[in-house]
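I opened this entry to record how the chains of the assembly meet and how the copies are related. The notes below follow the order in which I looked things up.

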Protein chains: 4
Amino acid sequence: MIKLRVAMIGAGVMGKAYSLAIASLPMYVWPTTWVIERELVVELTPELAEEARVRYGFARAATDWRRAVEDPSIDAIIILTPPREHAEVALAAIANGKHIVCEKPLATSAADARLVYESAETAGIVHQVGLNFRLAPAVQMGLKLLREGAVGEVISYRGSWLTDQYLDESLPYSWRSERGGGALGDDAPHAIDFAHAFVGEITEVVATSGTVITERASAVDQTTSVVEVEDEVNLLMKFATGQNGTLEGSRVAAGRKVTWGFEINGMNGSLVYDWERKEELRYYDARDAPDRVGFRTILAGPSQPGGEHFWPVACFGTGYAETKALQLLQFGRAVFEDQPVDTSFSEGLRVAEVIEAATRAADTQSWQRVAHAGAAAA
Amino acid sequence: MIKLRVAMIGAGVMGKAYSLAIASLPMYVWPTTWVIERELVVELTPELAEEARVRYGFARAATDWRRAVEDPSIDAIIILTPPREHAEVALAAIANGKHIVCEKPLATSAADARLVYESAETAGIVHQVGLNFRLAPAVQMGLKLLREGAVGEVISYRGSWLTDQYLDESLPYSWRSERGGGALGDDAPHAIDFAHAFVGEITEVVATSGTVITERASAVDQTTSVVEVEDEVNLLMKFATGQNGTLEGSRVAAGRKVTWGFEINGMNGSLVYDWERKEELRYYDARDAPDRVGFRTILAGPSQPGGEHFWPVACFGTGYAETKALQLLQFGRAVFEDQPVDTSFSEGLRVAEVIEAATRAADTQSWQRVAHAGAAAA
Amino acid sequence: MIKLRVAMIGAGVMGKAYSLAIASLPMYVWPTTWVIERELVVELTPELAEEARVRYGFARAATDWRRAVEDPSIDAIIILTPPREHAEVALAAIANGKHIVCEKPLATSAADARLVYESAETAGIVHQVGLNFRLAPAVQMGLKLLREGAVGEVISYRGSWLTDQYLDESLPYSWRSERGGGALGDDAPHAIDFAHAFVGEITEVVATSGTVITERASAVDQTTSVVEVEDEVNLLMKFATGQNGTLEGSRVAAGRKVTWGFEINGMNGSLVYDWERKEELRYYDARDAPDRVGFRTILAGPSQPGGEHFWPVACFGTGYAETKALQLLQFGRAVFEDQPVDTSFSEGLRVAEVIEAATRAADTQSWQRVAHAGAAAA
Amino acid sequence: MIKLRVAMIGAGVMGKAYSLAIASLPMYVWPTTWVIERELVVELTPELAEEARVRYGFARAATDWRRAVEDPSIDAIIILTPPREHAEVALAAIANGKHIVCEKPLATSAADARLVYESAETAGIVHQVGLNFRLAPAVQMGLKLLREGAVGEVISYRGSWLTDQYLDESLPYSWRSERGGGALGDDAPHAIDFAHAFVGEITEVVATSGTVITERASAVDQTTSVVEVEDEVNLLMKFATGQNGTLEGSRVAAGRKVTWGFEINGMNGSLVYDWERKEELRYYDARDAPDRVGFRTILAGPSQPGGEHFWPVACFGTGYAETKALQLLQFGRAVFEDQPVDTSFSEGLRVAEVIEAATRAADTQSWQRVAHAGAAAA
């Protein structure tokens, strides 16, 4: 059994998700010729690092991410730090020839994202951004239907990314209150990624944005700081292939927990998805007979792409952790089997470019073109 | 334009529904060679009768139903009295050769229902019971699919008839508190009719029943009486064609308003319906490809049977009043065009026979055979 | 009983809806001191007019709408002509002192809408636009909750108006293919009206639009014409009170029949509505305890505003025709009881102003201010 | 860190679920003073055992379950064999003083279940049956509401356990085709357990049952055998506390994948649940104001019982594997912290007694009393 020895930088909630994914991967995907080995976990203090080691099943613990990325016994780095540190850690890992999984967003500016992407490509490492939602079997089934032409030519796209966590005024000030961490920077990447996956290149955007809770208190000393970022954002988008679309992102949408989804209207049908019912894809096939046509609720299970790894029955429980396992499955297959990674840094860069244009569009109140780096846009 | 002159006996809520249906019928179904004319309305007092005449658009008002059924200027009688009077009024109308629409239940005993049915047949009049729910376009679409074999051979049937009106302790004592007016007698007829329409003859039943609010006060003098009937009833049923089924009837099901529907499982598919979403039929076609099969939500509109009369768009509003119009459409077509009536007294009798057996089954706590009159069972 | 004698100009599908509403109004709303009398119906040919007279229960038929608006035996005019004729007919009716119900849109330009509105105000007639969807009991319940503060201060608004009728390439060229008859002019008025009702004045818009089926054949001679209008439109909107919003209008959204609704997010809750489930309002009250909070599905019935007129049970069938009855109820009460009309020409003008700005925004690809006439904006 | 060293007997799909649960438990529930250690896995052949060892992360592999239950380095046994072997393995484990987790059903006869339960009690071991569905946070929230009186006194109960796996004629003959493995024996235990958890002791049942696919071929040699068990079963139930209920179990319900749930109607409200939307509990509180009352959809997350261990956001993915982790959490807490086990062998026995009575009721076509062992019924 070949081993892919990873160092995980950061062990918060995302660390839990990745550790679960690593532990479960061979249980789900079997037989296999390789496994991911939890070699090293890095946290801010020795106590946190040791706790994470035991809890998440790593062999070693450390506090210095730089030594981790230089460690010759490590094959790959999983970057789970706050977003503003992503680029620095990634560049160091690239310099050491490590393969990389970086949580979204790839970086907090398009320029950084481009630098990271281009460096990774030059170095020839395997790279992946944690845009796992598109890997859910129900979403992959949507892509399969789309590619088969089952909804015909796409006419329009509506994306939404709604939650209500930030209506809670007691939520402390954090990196999510700072530039790059708002509804656009932190929440929208998956939504933009869905739009890229289902329709393609976004060329122009216009936007509104707003901040509802304008100040938050520090969790440490209760001092109050002004929130730098938007709580909600609306976009109109134009796609290179001619479609129009909208994107609504909000973390102040009362009652919405994970309304993360899309609605795609084509000439022959429609696809609707929403993470609150993550194992359901709604599909309308206009070619069904007129008296019995209707949106179908497809229940994701072993018959949908990726679902074959989990349970023999549909709707048995394929959620966040399972999509992280599917993400790491692609990562390992890229390293050992020369398979493609759907959500490489290229996708992370594309997302960053849209966010940058959307930010400009909101600031200037005008349509803005999305700048595409040649290679990335290819 | 030929006219079918009707006398309507009773002008409560059902009178409103029938009057609307009569007024709307030519607006919906056009062109037509005949119309129903609101000739005479009968209520308990001259004041009530005159008010109903003006409100519901009748030509004349009266208080004596016997004179109405003898009136030579009347072609048909619509019986909307309390159920225990149905048989008497119907027999008088039959004796005078009038065509009859009788609200459900046809009678409060199977014996009376049989007498009324047989008298009507002998007299050769057109007769109809107000089992209008099966005429909803979404339900008719279900029947169409079933008859086409779109769900394959039927395996099992689940019916439900749930509302919560009787959880209200202040609801006064009425005929609905008396024998024949409970969950079985008053609520279940439509549910039993659905089972008849979708599967066929019920041969045996076993039942439980319960009364939750055991006393109610008179609306007139506040004296309290013991409720004679069940608030909720559960049935297991066996059908002549071998299927098993269940029926749950309750008027004390909190939160349920008009959960009146069915679930039919066949070898190749399934049909699910519920009046709370009355313009939706859920249909599963197991022959769809395994990766894209799922319950379809068919939205009832002009493409479903009967829906062509209403609006050019689905889901525009086809509710109780519209199914009453469809019921009267069948009645008029039977009188003038020799068309069949789906819900003739024969269906009312079949319902009464099941109710009688179910009552015995609840009383004796044992399986009971449903007694079928030869002709009715044909 | 006082009578409001109406002339109805146009007797297509909308004529059916209005005739039903008139016939049903006293049946639903009783007691009453006034009724609407179907005095005169006007159609293009004597044959059509006479057919409409019989079918819809009018006393007289005619072909010349000018004589109808001058007819001293007529108290009010119901204008159901194609939109481009609305202004001319309305101005003539105003000149003759008739009260007016005009189907939406009030006019095909903001200038015409303003002229009609101001003329009507000057003449002192009662005027109403057929923006009936906001009168549905479930929608009115939403407004009641909003006004009570049950969702707190409004943060954002999402409107949608989706149908798929125009995906049918065989649908003939009509006024709906011409300027003023597209997704913006014909479909969006109700959606814009919802936004006005729930949030208020829209001050700026930006838009995209697209035409999917670019040519349609004449139903008469099969000659092909270029479709002048958009099949789908997306708007970002800013409200005078600071909120942002979106509006998606499409008549090429496969599988959508009447997805006409809204989603309103407030500081304490949310409201969601959609005409496909027209008797359901979804309401989230963030003040419910955290372990048992959730979107409630309120089933519209006698407990919701306007619902008291229909049936004693929720979800019994309150659709398009019933909201038209509620609209005429307001009209009659304005004429005879000095009650307000929620959807007066002022609302029709507001809608026209937004449509005009949205059209400019789509044409110029830039944010456009909505021009508000002083009085209308009040 | 204390260790609970387990031997897992059987490593099919259930082995995957338990292995995942063991691996994830400390990741989810932290801090902890104990962990479960995957010490030994037993399969039929050395090859299967070794494969399971690697795949599921066990230290050792073996083929003889008798030596496993005698192994002094083992603290607890997880029994995942076919049901007919449960009793034998359990009795041997009890004889060796091991704690036991036994997958449902506890045994294939009530007598065996009683023997196993009483032996376990006498031996003083910790024992648990794998009735994990009731541990889902949404279900536990339902129990919490019920116990608080949030739905008032319970009036009626409806359970369902529907799937369509056995409509597939090519599904081979297996222990699920043999006595104890049908809709009653294999599918109904969770459904009966729900009824026990939410209402209490079932005292009498009546039943129908049917077999749809009457013969199946061996997967080994294609010889055909007659299916001994029912594919679908319907029950009427009476509870000791006076309620009536129904239970519908089917593995031939087209379109149903995991429609495993309940509907509970009380004097003040209702609870509805279904595993197909496993993170949603529908709750109706009749005490809400009449104009805004409605079924709430509670999205299960950190605010519902048990959900605090998983993710900080609701609806993130809490499925089958996670309820198995919650089950093992109870097991470990019982061993090390003297906490109660909700689904001890007592519950397994209660289920077996109902199944036995239901089988008799179907065979005799009459109401049958459920025999309760004194201790178990306590």
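**Entry 1: a charged pair.** I began with one side-chain pair in this predicted model. E280(A) and R277(D) form a salt bridge, with 2.7 Å from N to O. The nitrogen is that of the arginine and the oxygen that of the glutamate, because the rule pairs a side-chain nitrogen of Lys or Arg with a carboxyl oxygen of Asp or Glu within 4 Å.

**Entry 2: polar links across the interface.** I then asked how many salt bridges the rule finds across the interface of chain D and chain A. The search returned four. For polar contacts between chain D and chain A, I noted 18 residue pairs, with both residues at pLDDT 80 or more.

**Entry 3: elements on the side of chain D.** Next I looked up which elements of chain D give two or more residues to the side that touches chain A. I recorded α1 (13-28), α2 (46-56) and α8 (320-337) of chain D. Of these, α1(D) gives the most, with 10 residues. By residue class, the side of chain D that touches chain A holds 24 nonpolar, seven polar and 11 charged residues.

**Entry 4: extent of the contact.** I noted 42 residues from chain D and 42 residues from chain A in the contact. The area buried between chain D and chain A is about 3500 Å², and 66% of it lies on carbon and sulfur atoms. I then asked which three residues supply the most of the area that chain D buries against chain A. They are M27(D), W30(D) and F316(D), which together supply 21% of it.

**Entry 5: chain D and chain A as copies.** I superposed chain D on chain A by a rotation of 180° with 0.0 Å of shift along its axis, and the RMSD was 0.0 Å. I also compared the two sides: 100% of the interface residues of chain D are also interface residues in chain A, so the copies meet through the same surface.

**Entry 6: chain C and chain D as copies.** Chain C is laid on chain D by a turn of 180° and a shift of 0.0 Å along the axis, with an RMSD of 0.0 Å. I therefore entered these two copies as related as by a two-fold rotation axis. In chain C, the C-alpha nearest that axis belongs to R296(C), at 2.0 Å. Here too I checked the surfaces: 100% of the interface residues of chain C are also interface residues in chain D, so the copies meet through the same surface.

Terms used
Residues numbered from 1 in each chain as written. Chains lettered and ligands numbered in written order. Predicted model: local features only at pLDDT ≥ 70, side-chain atom pairs only at ≥ 80, totals over all residues. Heavy atoms only, no water. Contact = heavy atoms within 4.5 Å. Buried area = accessible area lost by both parts, 1.4 Å probe. Polar contact = N/O pair within 3.5 Å; in protein donor to acceptor, adjacent residues only side chain to side chain. Helix = DSSP H or I, 4+ residues; strand = E, 2+ residues; numbered from the N terminus. Nonpolar A, V, L, I, M, F, W, Y, C, P; charged D, E, K, R; others polar. Least-squares fit on C-alpha atoms with pLDDT ≥ 70 in both.
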